[in-house]
Each structure stands twice: as structure tokens, then as C-alpha cells.
Amino acid sequence: MCKVQISKSGSTPFNFKISVDEIELNDEIDGINFEGNVEVDGKIIDGGKAFNVKGTIKYKKSFICDRCLTPTTQNQVCEFEEELERGEIKDETADLTEIIRDTLIASQPIKNICMEDCKGLCPVCGKNLNEGDCKCDRFVADPRLEALKNFLIE
């Protein structure tokens, strides 16, 4: 559980590490494995009617690149900002587990790639193009122009 004791001063900074097993992340997203600890840094600000919680989450994940199929491990950082109603605070303690878990799940991209300029695999021979060119002819003609091949130019 990610519980933070709220101070009466109006602003409460927090910094803690929590295991991915405690947040129960690894069964949520197919193909991604969160590793080690998640580090959370931020503050809770008393806004009168509600508490504003904002901060940064640092974590490590491993996955198979969607373009080149290479196993990859990356350190990631994401930011969050949520509002907690006064009724969600019990005994001057805020439980941030759900906020952290939801933020990590929502921050995952649709496609996981090993690097921004990943070239992927050759569609002809299957070679990883990040390791070098394969010399295959990968030209694909526009199918809308295929009928023009039948015209003879003299």
C-alpha cells in the first residue's frame, strides 16, 4: 500500500519506493513486465474542498519490441496529477496505490518500441534492419497504379 500521512501545513511532500508486486501490475498489460521497485516523488496540496496530488513515477519495464522483436528493458518516467476528495482521506492518510497503478497502466504506449528510430524487420527475409541492411528488394508498387503496367509507350 502507498499511504502518505497528510500534514496540517497545507502541502505534504512525499517520496517512497514500492514493489511492483504490491501494486499488482504485471498481470494487467500483456507483453510488458514491470521490474523491481517503482519510485514515486511528489506532493499533496490541500485545496480546501479536495486534495491535489501530483508527482513523478520512475520505473523499469521489459518488453519485446513491436517492430524488431528484440527483448528490451527501459527506464521510464511519467507524471501524474489527481484530485482526492476529502472523503477519500481516512485518519489523515491518503492511499495513493490506485492512483499510481492507474497512472502506470494509462501511460503505456500502444506500440512498445526499443528506440525511437527502430527500423523493424525486413518484410522479405525477416532480418532485423537495426543490425544492417539485407539487400532485399523491398519496393512495393502502389496497387492503384498496377493497371498502368499494361500500357505500352512507343
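In helix H2, which covers residues 97–106, the residues Thr-97, Ile-99, Ile-100, Thr-103 and Leu-104 are buried. The model that shows this is a predicted one, and the points below begin with the surroundings of this helix before turning to the chain as a whole.

**Helix H2 and its neighbours**
- The buried residues of H2 pack against two elements that come early in the list, strand E2 (11–19) and helix H1 (20–23), and also against strand E3 (32–46), strand E4 (50–64), strand E5 (71–85) and strand E6 (93–95).
- An α-helix has 3.6 residues a turn, so residues three or four places apart point the same way.

**Elements and overall form**
- The protein chain contains six strands and two helices, and when read from the N terminus these elements follow the order β-β-α-β-β-β-β-α.
- With a radius of gyration of 24 Å, well over the 15 Å that the globule rule gives for 154 residues, the protein chain is more spread out than a compact globule.
- The C-alpha trace of the protein chain spans about 90 × 30 × 20 Å along its principal axes.

**Contacts and burial**
- Of the contacts in the protein chain with a separation of 6 or more, 56% are accounted for by residues 24 or more positions apart.
- Buried residues make up 34% of the 154 residues in the protein chain.

**Surface and charge**
- The protein chain exposes about 10,500 Å², and carbon and sulfur atoms supply 49% of this area.
- The protein chain carries 20 positive and 30 negative charges, and the mean positions of these two groups are 4 Å apart.

Technical notes:
Residues are numbered from 1 along each chain as its sequence is written. This is a predicted model: local features need pLDDT of at least 70, side-chain atom pairs count only at pLDDT 80 or more; totals for chains, interfaces and linings use all residues. Side-chain values use heavy atoms; hydrogens and water are left out. Helices (H or I, at least four residues) and strands (E, at least two) are DSSP runs, numbered from the N terminus. The radius of gyration is taken over C-alpha atoms; the globule rule is 2.2 Å times the number of residues to the power 0.38. Buried means under 20% relative accessible area, exposed over 50%, partly exposed in between (1.4 Å probe, protein chains only). Contact means heavy atoms within 4.5 Å. Accessible areas come from the Shrake-Rupley method with a 1.4 Å probe; for residues, only the protein chains shown count as cover. Lys and Arg count as positive and Asp and Glu as negative; His and the chain ends are not counted. The place of a charge is taken as NZ of Lys, CZ of Arg, CG of Asp or CD of Glu.
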